[in-house]
Amino acid sequence: MEPESGAECLGRWLEAALKSRSNANSVFDILGVLQSDQEDDILSAIHTCSRLFGALLERGELFVGHLPEEEATMAGSAGALRKYKVWMRHRYNSCCSRLSELLGHRSFKVKELALCTLMKFVQLEGAHPLEKSKWEGNYLFPRGLLLSVVQGLIPTEADSSLLISRFQEYLEHDDVRYHMMQAVVDMVARVTDTHQQGVPATFWNNTFTLISAVSLPRQQSDISNFYVKHKEMLEKWKVTLLKEHKHVFEKMWFSFLKHKLPISLYKKVLVIMHDSILPHMSQPSLMIDFLTNAYDIGGAISLLALNGLFILIHQHNLEYPEFYRKLYSLLEPSVFHVKYRARFFHLADLFLSSSHLPAYLVAAFAKRLCRLSLTAPPEALLMVIPFICNLLRRHPACKALIHRPSAEASGLTSDPYDMEEEDPAKSHALESCLWELKTLQRHYHPEVARAAMAINQALSPHEVSIAQLLELSPYEIFEKDFKKEVSGPVPLEFIQPQGLLGRRGDLSIEYFALD
């Protein structure tokens with residue numbers, strides 16, 4: 001007779017445990033397999049535990065209320081049924097603890113099945129609570145069990161992004177999402193308290209992956225999808241109110257953003273801030289501290305931080321006088337060479353789109369861009385020249401920068417514009433002129449020279465779209481020039497030579513076309 005396989009043994013133990021309380025010790029055998037090192041045995045044991053404790057929860061065979069000590073209960077004078085329920089409740093807790101540990105298993109199959117089983121227990125515990133209601137109509141939810149799930153989703157050492165993506169389907173349920181946000185606040189506080197020397201970056205990355213997956217409903221009527229089914233959902237329960245969801249959402253993000261995060265995370269947070277964070281906050285202006293700290297980091301993060309500040313100014317009436325001064329300080333020669341150049345000028349165009357900006361401010365931006373364009377590559381110039389012309393179209397008072405007859409007539413040799421001045425109001429840009437555009441009309445690249453010649457005539461009232469020029473690359477310019485059809489002879493010299501040695505006479509030579 002062949003020996004029983006592991007799955008057959010588990011099935012026999014399960015059947016025995018569910019058939020009679022006298023076979024309760026079979027649960028020890030099932031939990032023993034759950035401690036195995038073999039992946040197949042663990043998977044079979046998880047399935048068995050799911051069926052066993054799922055049935056026991058539905059049948060009400062687990063102790064309800066504050067769980068007493070196991071040894072004291074077993075040695076006491078309590079009835080056999082009470083002892084059985086207390087004993088089985090302790091076994092259930094041991095199973096949940098082991099499943100929480102398996103959320104960090106090396107095998108994703110094990111982690112996924114452990115997650116799904118724990119969430120099944122969350123649903124069953126919610127429907128058949130293991131704690132007594134303190135008063136009629138009291139809302140009960142297995143917060144402790146969900147907290148252990150969240151703890152497994154945001155470990156401090158291993159990347160859990162794949163497991164979090166599996167958990168996202170549960171976030172569609174309003175009650176799971178609400179209590180998950182509360183659990184994240186608790187976990188962040190707990191981890192930061194236990195890591196006084198510095199929280200590992202892995203924890204922050206996992207936490208961001210989880211909380212960035214949260215999407216709140218837009219209106220109160222959308223809160224209707226609950227994972228734990230109750231006979232009646234009372235309107236007084238916080239989990240049913242959108243304003244409470246927003247409050248917890250805000251608290252979750254502030255508990256995360258108030259800490260020192262890895263530099264890479266600042267950019268990820270700022271990219272989603274205007275769409276996924278600010279619209280759900282009751283007081284978006286409280287984000288100003290995070291945004292100003294992010295600006296000080298520099299580079300693309302500073303730009304994205306200004307985007308968040310602009311939204312607060314434009315949509316939430318935040319007063320921030322330093323905004324355009326900070327934007328002005330980002331205009332450096334490197335801005336034409338960084339990989340976020342397209343995003344920078346897209347946002348800069350948005351920030352400078354208002355026709356109510358003072359002329360001195362717009363003039364300072366136009367002048368600084370012109371000065372920087374003298375050393376910019378052609379692909380950047382083909383975008384920035386129309387950008388400058390659009391600024392002039394929006395603000396007719398700035399057209400004096402290209403129509404200043406006194407500048408040439410007076411023979412001035414110095415430019416009043418101060419490139420080193422950090423305050424655009426003190427740069428004297430409006431007293432200067434855009435002679436740099438005149439210089440670019442003799443640029444070596446004909447497309448750049450042609451674009452700069454736009455100022456030789458009256459600018460049309462319609463702005464030129466720069467959307468197609470933002471991500472223009474040197475390769476695209478080369479391909480465009482390469483495909484041009486040449487008509488007529490191609491000049492080989494900038495200045496036509498007059499002789500072999502640069503003088504006229506007998507030494508002059510003639511050029512012949514090669515057959």
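**Tyr139**

I started with Tyr139 in this predicted model. I asked whether Tyr139 is buried or exposed. Tyr139 is buried, because its relative accessible area is 11% and the cut-off for buried is under 20%. I then noted where Tyr139 sits: in the loop between α6 (108-127) and α7 (143-153).

Next I looked up what Tyr139 touches. Not counting residues up to four places away in sequence, the list is Asp175, His179, His230, Trp237 and Val239. I followed up His230 from that list. Tyr139 and His230 are 91 residues apart along the chain. Their C-alpha atoms are separated by 9.2 Å.

**Pro129**

I stayed in the loop between α6 and α7 for Pro129. Pro129 counts as partly exposed, at 28% relative accessibility. I noted two contacts for Pro129, Val64 and Leu140, with residues up to four places away in sequence not counted. I also checked Phe63 against Pro129. The two are 66 residues apart along the chain, and 10.0 Å separates their C-alpha atoms.

**Whole chain**

I stepped back to the fold. How many helices and strands does the protein chain have? I counted 22 helices and 0 strands. The radius of gyration is 35 Å, while the globule rule gives 24 Å for 515 residues, so the chain is more spread out than a compact globule. I then took the span of the C-alpha trace along its principal axes. It comes to about 125 × 60 × 45 Å.

I checked burial next. Buried residues are 47% of the 515 in the protein chain. For contacts, I took those with a separation of 6 or more. Of these, 71% are between residues 24 or more positions apart.

I looked at the surface too. The accessible surface of the protein chain is about 28,100 Å². Carbon and sulfur atoms hold 52% of that surface. For charges, I have 54 positive and 60 negative in the protein chain. Their mean positions lie 4 Å apart.

**Nonpolar core**

In soluble globular proteins, nonpolar side chains tend to be buried together. I therefore looked for the largest nonpolar core here, and it has 167 residues. Which residues have the most contacts inside this core? I wrote down Phe53, Met119, Phe167, Trp253, Phe256, Tyr324 and Phe345. I asked which helix gives the most to this core. It is helix α18 (residues 378-394), with 11 residues.

I picked Phe256 from the core for a closer look. Leaving out residues up to four places away in sequence, Phe256 touches Trp204, Thr207, Phe208, Ile211, Leu261, Leu265 and Val269.

**Phe290**

I moved on to Phe290, in helix α13 (residues 288-295). Phe290 is buried, because its relative accessible area of 7% falls under the 20% limit. I listed the contacts of Phe290, leaving aside neighbours within four places in sequence. They are Leu257, Tyr266, Val269, Leu270 and Met273. Val269 is on the list for Phe290, and Val269 is also on the list for Phe256. I checked Leu257 by distance. Phe290 and Leu257 are 33 residues apart along the chain, with their C-alpha atoms 6.9 Å apart.

**Asn317 and His428**

I looked up residues with a positive phi that are not glycine. Asn317 is one of them, with phi of about 60°. Asn317 is placed in the loop between α14 (299-316) and α15 (323-329). I asked whether Asn317 is buried or exposed. Asn317 is exposed, because its relative accessible area of 68% passes the cut-off of over 50%.

His428 also has a positive phi, near 60°, and is a residue other than glycine. I found His428 in the loop between α19 (405-409) and α20 (435-440). His428 counts as partly exposed, at 39% relative accessibility.

**Lys438**

I finished with Lys438, in helix α20. Lys438 counts as partly exposed, with a relative accessibility of 47%. What is Lys438 in contact with, leaving aside its neighbours within four places in sequence? I noted Ile455 and Asn456. I took the distance to Ile455 as a last check. Lys438 and Ile455 are 17 residues apart in sequence. From C-alpha to C-alpha they are 8.3 Å apart in space.

Definitions and conventions. Residues numbered from 1 in each chain as written. Predicted model: local features only at pLDDT ≥ 70, side-chain atom pairs only at ≥ 80, totals over all residues. Heavy atoms only, no water. Core = buried A, V, L, I, M, F, W, Y, C linked by side-chain atoms within 4.5 Å. Buried < 20%, exposed > 50% of the residue type's maximum accessible area, 1.4 Å probe, protein only. Helix = DSSP H or I, 4+ residues; strand = E, 2+ residues; numbered from the N terminus. Contact = heavy atoms within 4.5 Å. Rg over C-alpha atoms; globule rule 2.2 N^0.38 Å. Areas by Shrake-Rupley, 256 points an atom, 1.4 Å probe, with all protein chains shown as cover. Lys, Arg positive; Asp, Glu negative; His and termini not counted. Charge placed at Lys NZ, Arg CZ, Asp CG, Glu CD.
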